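Thanks for coming, everyone. Please look at the model on the screen while I talk.

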Amino acid sequence: MAKTKAAAAVSTAPAEKKYMKPSEIVTFGIGLFGVALLTGWMPDYTMTFFADFAFKGQGFDSAQLATIVSSVFGVAGVVGAVCELVIGMLVDRTRTKLGKVKPWVGFGAIPLAIISMLVFIAPNTTSFTVATIWMFVIYALYTAISCAVESPSNCFGALCSPNPKERSSAISIASFLRSVGQSGGQVVIIVVPAIMKALMGNQQYKNAEGQGIDLIISTAVCALGMMIFVMIFFANNKERVPYTTEKVSLIESIKLVFTNKNLLMVSLTKLFGFGRGVYGTVSLYIAVYLLGSKGLKLALMLPMGIGTAVGTLLVNFVLKKFSTKKTFIIFCVYGASAMALMYFYSVVLAGGITNISGSNFLIAMFLVINFLCGIQHGNTNVTPNIMIADCIDEMEYKTGKRQEGLAYAGYGLFSKIASAGTKWLAPTLVYTWSGYQFSTSANVAYASQTDSVLTKFLAIYTIIPAIFVVLQFIPILFYDMVGEKKERITAALAERRAAADTEATDETEDVTISENAE
């Protein structure tokens, strides 16, 4: 077995021992909340900033711009996939007194805040070539730097405790707070425009909104919040699981990702379900044409966010009754059914967005079903992370190497490839397939759309994601790190670590005796 170096806080007690202080579980969640406060809303609003605001009035062709925006996000997804592997390898090579993950999260917060601000500061140019280069470069940089913070922060769940039950609970609570953080940015995007309107007056605010200034200020607020919350996590949390000391090559890293069956199956859920995320892009336009403002996306997404938070808690409950495998499948079937119900209600019963927007009762019913749809997201926020932590145990059991960075990077690799597909598919559906009309007036943020366009928006929000939600549980049918196998591996690792610590203690005592004799 490979030699291991145990963190100081790891004892030889059985795996059932509690290692984390209650405050650490909370601050772990606060750290994820902070990261999600910024990154949770950036992609969707960046897409509408590039398409609707950044170069308004410059005379660019709408069809060309739509194609470039789709390409920008597709390329950024590929950049993110490469970065996931490279960063995962670097995380596993990181050896500091602070640990292998914390330095990436803590020291990456400021660069992430800076690049996020720069995304919403477009060059004043009439050159389509310059605009295109800027979009590709700035969003690729944002993607790379956000990977360097998000990916390591996700790894921490596998390092916080050697007790599988304790770490599963910590991951569940942290995932709950992360889901809250994803909605937190939406609160900022409501509050900032309200303050701007009060200070500037309605007309001046409309002019500012038409240029996307409210997005710039909102980003600054979220970036500051992200840095504060990440620092709270950085100061209070510790890594407690032993790590191996071997250097890991990129070739070995890629082999690790593709040869461990269970890790591969969990990772493939992202690839099979890549299109489920298209609802996020169109949700902004659903808010605009159903509720009347992009700032009211929170009113649309808050019920879904609450549903996600409830779903996170429900997952923890369901996991006490069923394995991670069965839990994942149950929630996928439920999620697809809920989204199909929303489409049937919106198009057949309510008659489309135009009818719904004219009735408070119909809007309320839409939001209730939106809440029901959100419950499924608790599963995708929690269960895969628990599965990956279990896969890391399995790999350590088989090879003697513990490689959290690479394991989460493997999942992240597929996640970023899926994200590239989503970010190519979403704008293609929203801006091309639907027939969306761009606003050409500097004082009008969004142009009117036909009923046909709005019906297609509903399909992008419901039916299309539902199909991919069903597809994503197919790989999990082949996942087997559950039941007796999981219990056996957990017990074996506890024995190995206890033996390794005893051996290290004996060696230290032998050295001390030898020195005293001399």
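I'll go from the overall fold to the core, then to one arginine, then to the salt bridges.

Keep in mind that this is a predicted model. The chain has 518 residues, and 58% of them are buried. It holds 20 helices and two strands. Its exposed surface is about 20,600 Å², with 66% of that supplied by carbon and sulfur atoms. Now take contacts between residues at least 6 apart in sequence. Of these, 85% join residues at least 24 apart.

Next, the core. The largest nonpolar core has 130 residues. Which residues have the most contacts inside it? They are Phe 50, Ile 286, Phe 366, Phe 457 and Tyr 461. Helix H5, residues 128-159, gives this core its largest share, 14 residues. There is also a second, separate core of seven residues. Val 318, Phe 331, Ile 375 and Val 382 are among them.

Let's stay with Ile 286 for a moment. Setting aside neighbours within four places in sequence, Ile 286 touches Leu 291, Leu 300 and Ile 353. Its list also includes Phe 366, Phe 457, Leu 458 and Tyr 461. Three of those names, Phe 366, Phe 457 and Tyr 461, come up among the residues with the most contacts inside the core.

Now Leu 290. Leu 290 sits in helix H11, which covers residues 278-291. Is Leu 290 buried or exposed? It is buried, because its relative accessible area is 4%, and the cut-off for buried is under 20%. What does Leu 290 touch, beyond residues up to four places away in sequence? The answer is Ile 353, Ile 356, Ser 357, Ile 363 and Phe 366. Take Ile 356. In sequence, Leu 290 and Ile 356 are 66 residues apart. In space, their C-alpha atoms are 7.1 Å apart.

H11 turns up again when we look at helix H19, residues 463-472. The buried residues of H19 are Ile 464, Pro 465, Ala 466, Phe 468, Val 469 and Gln 472. They pack against H11, and also against helices H10, H13, H16, H17 and H18.

On to the arginine. Arg 178 is in helix H6, residues 164-200. Arg 178 is buried, yet it has no salt bridge. How far away is the nearest side chain of opposite charge? That is Glu 150, at 6.7 Å. A salt bridge here needs nitrogen and oxygen within 4 Å.

So what does the Arg 178 side chain reach instead? One partner is the side chain of Asn 154, in a polar contact at 2.8 Å. Another is the backbone oxygen of Asn 381, at 3.0 Å. Leaving out neighbours within four places in sequence, Arg 178 contacts Leu 32, Phe 33, Ala 36, Asn 154, Asn 381 and Asn 385.

Last topic: salt bridges. The count is nine. I'll show three.

First up, Asp 480 and Lys 261. Their closest N and O atoms are 3.2 Å apart. Asp 480 lies in the loop between H19 and helix H20, and Lys 261 is in helix H10, so this pair ties together parts that are 219 residues apart in sequence. Asp 480 is partly exposed, at 30% relative accessible area. Lys 261 is partly exposed too, at 40%.

Next, Glu 394 and Lys 398. Here the closest N and O atoms are 3.3 Å apart. Both residues lie in helix H16, four residues apart, about one turn of the helix. Why does that spacing suit a pair? An α-helix has 3.6 residues a turn, so residues three or four places apart point the same way. Glu 394 counts as buried, at 2% relative accessibility. Lys 398 is exposed, at 57%.

Then Glu 484 and Arg 488. Their side chains meet in a salt bridge of 3.2 Å, N to O. Both are in helix H20, again four residues apart and about one turn of the helix. Glu 484 is exposed, with a relative accessible area of 53%. Arg 488 is partly exposed, at 40% relative accessibility.

One more point on the charges. Which residues are linked in a network of salt bridges? Lys 261, Glu 394, Lys 398, Asp 480 and Lys 485. Find those five on the screen, and we can start the discussion there.

Key: Residues numbered from 1 in each chain as written. Predicted model: local features only at pLDDT ≥ 70, side-chain atom pairs only at ≥ 80, totals over all residues. Heavy atoms only, no water. Buried < 20%, exposed > 50% of the residue type's maximum accessible area, 1.4 Å probe, protein only. Contact = heavy atoms within 4.5 Å. Areas by Shrake-Rupley, 256 points an atom, 1.4 Å probe, with all protein chains shown as cover. Lys, Arg positive; Asp, Glu negative; His and termini not counted. Polar contact = N/O pair within 3.5 Å; in protein donor to acceptor, adjacent residues only side chain to side chain. Core = buried A, V, L, I, M, F, W, Y, C linked by side-chain atoms within 4.5 Å.
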